[in-house]
Amino acid sequence: MTTYCDDHRRVAQALMSQPALSEAKLLALIRPATAAQAEAGEHDRSRLKAFVDVVNEQLRPLGLEITKRKSESDGERMYALLSFVDVPPTRDKPELQLLFMQAIAGEVFTSTDGCISSTDALHLADGLPCKTTSTQAQSMLTKLIGDGWLEDAGFGHVCLSTRCIMEMESYLKRHYPGYVLSCPLCNDLVVRGEPCADCGNERYHRPCLREYIQKVGAKMCTQCGSQLTPAPADRAG
Ligand SMILES: [Zn+2]
Ligand SMILES: [Zn+2]
């Protein structure tokens, strides 16, 4: 499959209408179009990569690109259509909601656990330039969760969605350079990760750490040498 056709267009459209799609969903979408390659024994990921490459070739002149990133909560590969020209993140949002989103993202990014309580998120509305009632703040927060920018982290906490991290990565790095940490296993930015319990100097994505330990048996902190143990299940703080 090397020529751009309706199958590719459908995938681009699906990604335009949703914040992000999982690898499994994207594979299901391209299955009919790549049936011949699948039958010939081509691996799922290489079929998907070839397909996405063709779509990206068409999208790049428009300043758009399909990008993938592992979810910090379950490790699933997520795909999103992003603009790589420097536009403000969440550009389709009303100004106040964008400012609210940026305030929440900053607070989450600089928190120790990569998530904050919904109550703390709502209080951030008090710092917005125009007066916001608690009902307005609550409805903006509900919308940010509903639109897939924030995720429920359990225990009344919210964290940033994979799409949100992808889109806001450069904003967060620019505004909070002192908090930028990359996962030593995948090199991607860590927002919600597992710190070394002894020195706290390294922070890993929980799915990366779990996967590594499953494959290799144990992982030692490269800073202090202690054995790292991932949290058994996702939890908020
Ligand atoms: Zn990682
Ligand atoms: Zn350590």
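**A three-stranded antiparallel sheet and the domain layout**

In this predicted model, three strands form an open sheet in the order β4-β6-β5, and their pairing is antiparallel. The edges of the sheet are taken by β4 (116-117) and β5 (150-154), each of which pairs on one side only.

A closer look at the pairings starts with β5. This strand runs antiparallel to β6 (residues 157-160), and four bridges join the two. Within this pairing, L150 sits opposite L160 of β6, while G154 has H157 as its bridge partner in β6. The hairpin that β5 and β6 make has two residues between the strands, and F155 adopts a positive phi there, near 55 degrees. On the other side of the sheet order, β4 pairs with β6 over two bridges, again in the antiparallel sense. Here S117 is the residue with H157 of β6 as its bridge partner.

The strand β6 also deserves a word on its surroundings. In a regular strand, side chains alternate between the two faces of the sheet. For β6, both faces are covered: H157 and C159 are buried on one side, and V158 and L160 are buried on the other.

At the level of the whole chain, the division is into domain 1 (6-83), domain 2 (95-177) and domain 3 (181-237). The C-alpha centres of domain 1 and domain 3 are 28 Å apart. Contact between these two domains involves six residues of domain 1 and eight residues of domain 3. On the domain 1 side, the residues touching domain 3 comprise four charged and two polar ones, with no nonpolar residue.

Technical notes. Residues are numbered from 1 along each chain as its sequence is written. Chains are lettered from A and ligands numbered from 1 in the order in which they are written. This is a predicted model: local features need pLDDT of at least 70, side-chain atom pairs count only at pLDDT 80 or more; totals for chains, interfaces and linings use all residues. Domain bounds come from an automatic or database domain assignment. Two residues are in contact if their C-beta atoms, placed from the backbone, lie within 7 Å. Ala, Val, Leu, Ile, Met, Phe, Trp, Tyr, Cys and Pro count as nonpolar, Asp, Glu, Lys and Arg as charged, and the others, Gly among them, as polar. Two strands pair if DSSP finds at least two bridges between them. A residue is buried if 20 or more other C-beta atoms lie within 10 Å of its own, exposed if 12 or fewer, and partly exposed in between; C-beta atoms are placed from the backbone.
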